[in-house]
Amino acid sequence: MRILLGVSGGIAAYKAVLLLRLLREQGHAVRVIPTRAALEFVGAPTFEALSGEPVSTEVFDDVPGVQHVALGQHADLVIVAPATADLMARAAAGLADDLLTTTLLAARCPVVLAPAMHTEMWDHPATRANVATLRERGVHVIEPASGRLTGKDTGPGRLPDPEEIAREALSLVDPALVEQSLVEPVETPAAAATENLDLAGRRVVVSAGGTREAIDPVRFIGNRSSGRQGVALAQAAAARGAVVTLVAANLAADVTDQVLTGPRPCSVVQVESTAELREAVRAAGAEADVVVMAAAVADFRPAATPDAKIKKVPGQGPAPIQLVENPDILAELAHERLRADQVVVGFAAETGDATGSVLDHGRAKARRKGADLIAVNAVGSGRGFGTESNEVTILDGAGDVVGLASGTKREVADALWDAVAKLLP
Ligand SMILES: Cc1cc2nc3c(=O)[nH]c(=O)nc-3n(C[C@H](O)[C@H](O)[C@H](O)COP(=O)(O)O)c2cc1C
């Protein structure tokens with residue numbers, strides 16, 4: 001199915017990324033049309049990378065393609081999530097001042113709006129009147145969920161979960177599609193009874209793999225991380241009942257297969273560079289109870305990346321590559337706390353050297369980063385990276401040992417979740 005995903009400028013715009021991912025995983029072609037304000041919350045490259053299609057906000061961006069009508073005319077379904085108060089006001093008034101509103105006027109397929117805003121804005125008579133007008137015209141406006149909003153307040157106005165939006169929207173086009181694509185894995189009562197579901201209802205974000213920093217269009221600076229430990233963490237959390245988003249940076253091919261064929265679904269956001277990983281983790285982390293940074297993130301990136309491949313000139317040595325420092329994503333997450341009560345966990349892949357042991361370096365990192373837990377593991381000489389087993393020492397933020405785990409990466413993952421579960425409110 002050809003789906004247009006409109007995204008307007010609300011705090012819940014990050015959830016559109018998860019909805020996009022979900023729809024793409026179900027095999028739909030999705031073109032994202034954000035408003036200018038939406039791009040203040042989520043960058044166009046995220047939508048472009050995940051949809052595989054260009055992103056524009058303006059009617060003048062591709063004039064020969066007559067996008068302002070063509071997109072709407074050829075769509076099977078339009079979903080706007082989140083739909084802001086402003087977007088609904090413009091749609092109700094029939095305004096056509098950007099690509100999304102012109103598309104809404106041109107579309108003749110089912111149109112679904114998923115509003116999200118503070119309760120006061122949702123309850124305002126102007127918004128109520130706009131919603132009523134849109135519904136009268138046949139637009140399907142999903143009721144917002146009740147719950148925690150931006151800041152400390154709660155009430156109606158929350159964007160429903162991406163799974164619910166997809167289910168409700170797809171059912172308007174063809175109810176059979178929902179049955180085929182959104183079936184949950186069936187559990188036998190016996191299996192459920194023996195399971196540990198201590199993370200049920202928790203949202204967790206796990207980053208896995210290793211980032212790549214482009215030197216030019218064909219070369220990059222990378223690292224040896226396969227993503228195996230991060231994927232084991234994501235799968236262990238999902239098995240314990242959590243709703244998991246895996247931010248996957250260049251996983252080894254067999255590890256990718258493992259994610260896609262695992263028994264419990266995780267939302268997967270693929271990223272390549274540290275900048276992309278940072279954006280994806282922060283987007284998904286805004287609502288997460290736990291963020292685990294298991295990915296090996298590059299500390300440095302080339303200062304400049306030319307558009308063309310750097311040529312080898314015979315007789316001339318290589319030009320030096322100047323590096324600049326990347327943001328420290330773990331320290332940022334630990335110090336900012338995207339959500340109150342959020343538990344932030346980091347990994348320290350260390351080698352011992354003349355200045356200290358693996359644990360000394362891990363302790364220093366624990367104190368420096370400000371995370372709640374740091375899992376320290378020795379890497380190099382066949383240990384840690386790419387292997388099936390691992391051995392970690394779990395430190396708290398002060399650098400004190402709170403646990404030891406060794407065995408398969410899944411066993412290590414479960415030991416780490418045991419330590420995390422103790423910190424959850
Ligand atoms: C941090 C922040 C969060 C916002 N969240 C929402 C929101 O959840 N819902 C909403 O209707 N407007 C929200 N707004 C206001 C919209 O961004 C603003 O009305 C904007 O003009 C919407 O433009 P658009 O409808 O073209 O996307 C928010 C603004 C800011 C700065």
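Strand 4, spanning residues 111-115, is mostly tucked away in this predicted model: 5 of its 5 residues are buried. Being buried here comes down to having under 20% relative accessible area. The side chains of the strand split into two sets, with V111, L113 and P115 pointing one way and V112 and A114 pointing the other way. Both sets are made up of buried residues. As a rule, side chains in a regular strand alternate between the two faces of the sheet.

Strand 4 also has pairing partners. One of them is strand 3, which covers residues 77-83; these two strands run in the parallel sense and are linked over 4 bridges. Within that pairing, A83 has P115 of strand 4 as its bridge partner. P115 is also one of the residues that point the same way as V111 and L113. Another partner is strand 5, made up of residues 140-141, and here too the pairing with strand 4 is parallel, this time over 2 bridges. In this case L113 sits opposite V141 of strand 5.

Stepping back to the protein chain as a whole, there are 17 helices and 19 strands to keep track of. The chain has 425 residues, and 49% of them are buried. As for contacts with a separation of 6 or more, 70% come from residues 24 or more positions apart. On the outside, the protein chain exposes about 19,500 Å², and carbon and sulfur atoms supply 54% of that area.

Note on methods
Residues are numbered from 1 along each chain as its sequence is written. This is a predicted model: local features need pLDDT of at least 70, side-chain atom pairs count only at pLDDT 80 or more; totals for chains, interfaces and linings use all residues. Side-chain values use heavy atoms; hydrogens and water are left out. Buried means under 20% relative accessible area, exposed over 50%, partly exposed in between (1.4 Å probe, protein chains only). Two strands pair if DSSP finds at least two bridges between them. Contact means heavy atoms within 4.5 Å. Accessible areas come from the Shrake-Rupley method with a 1.4 Å probe; for residues, only the protein chains shown count as cover.
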